[in-house]
Amino acid sequence: MRVLIVEDEPNLGKQLKATLEANGYAVDLEDDGENGHYMGSSESYDAVILDLGLPTMDGLTILNKWRKEGRTMPVLVLTARDSWSDKVAGLDSGADDYLAKPFQTQELIARLRALIRRASGNASSELIAGDVRLDARSGRVTLAGEPVKMTAQEYKLLSYLLHHKGKVVSRTELIEHIYDQDFDRDSNTIEVFVTRIRKKLGPDVITTIRGLGYSLDDRAG
Ligand code: CA
């Protein structure tokens, strides 16, 4: 899952990026409104954390533009403390959730997880396919109840496929959603990760759809 943070407070931005990365997300950080708007318009994100007060273009303008452009990714708006007008304006502009500053990072992560889950139509934070279970809260993966150790990239790939269970996901889509923009993106590595995941979770866990991509369904494990 890939997340965009648009936040101009350097310490807060860096801290959020580090925390989200430690929680298994690929993260891009922008500290400027126009750049943030551009990234959200041109890249694929599973969710966006958007500050309202930003240099060059404010958060509400960015959000309005994205929605007019047909960008539907879930957006969590960071508002000033107790500013009910910010909250109303944010929700009216198409925000999916908001959080007032200062906030607990754990609350932000929980809300972000819920937004991503709802956007992909999953009711529970535990994603299940056959004998494979991924608990998005703890970051743990089990096969028939037994814990399986995954690397960060394997986890991101498995998590994305589980969020889109039963659908065919192209290699390009996987690359867009498991790497941040600074990562050296090599589409061959996707096949390597898939091979490793099959070794850990069983040969049938991920189906290769020739010429189209990959699919994961309830036959998994
Ligand atoms: Ca700000």
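**View 1. Helix α8, residues 187-201 of the predicted model, and its buried side.** Because a helix is expected to span 1.5 Å times one less than its number of residues, the 15 residues of α8 should span 21 Å, and the 22 Å between its end C-alpha atoms agrees with this. Helices here are DSSP runs (H or I) of at least four residues, and strands are E runs of at least two, numbered from the N terminus. The buried residues of α8 (buried being under 20% relative accessible area, exposed over 50% and partly exposed in between, with a 1.4 Å probe and protein chains only) are Ile190, Phe193, Val194, Ile197, Arg198 and Leu201. They cover an arc of only 140° around the axis, taken from the directions to the C-beta atoms, and therefore lie on the same side of α8. Gly202, which follows α8, has a positive phi near 110°.

**View 2. The largest nonpolar core, with 47 residues.** Such a core joins buried Ala, Val, Leu, Ile, Met, Phe, Trp, Tyr and Cys residues through side-chain atoms within 4.5 Å. Leu20, Leu157, Leu158, Ile190, Leu201 and Ile206 touch the most other members, while helix α6 (residues 152-163) gives the most to this core, with 6 residues.

**View 3. The calcium ion and its protein donors.** Asp8 (OD), Asp51 (OD) and Gly53 (O) lie 2.1 to 2.3 Å from the ion, donors being N, O and S atoms within 2.8 Å of a metal, or 3.2 Å for Na, K and Ca, with water not among the atoms, so sites may look incomplete.

**Notes.** Residues are numbered from 1 along each chain as its sequence is written. In this predicted model local features need pLDDT of at least 70 and side-chain atom pairs count only at pLDDT 80 or more, whereas totals for chains, interfaces and linings use all residues, and side-chain values use heavy atoms, leaving out hydrogens and water.
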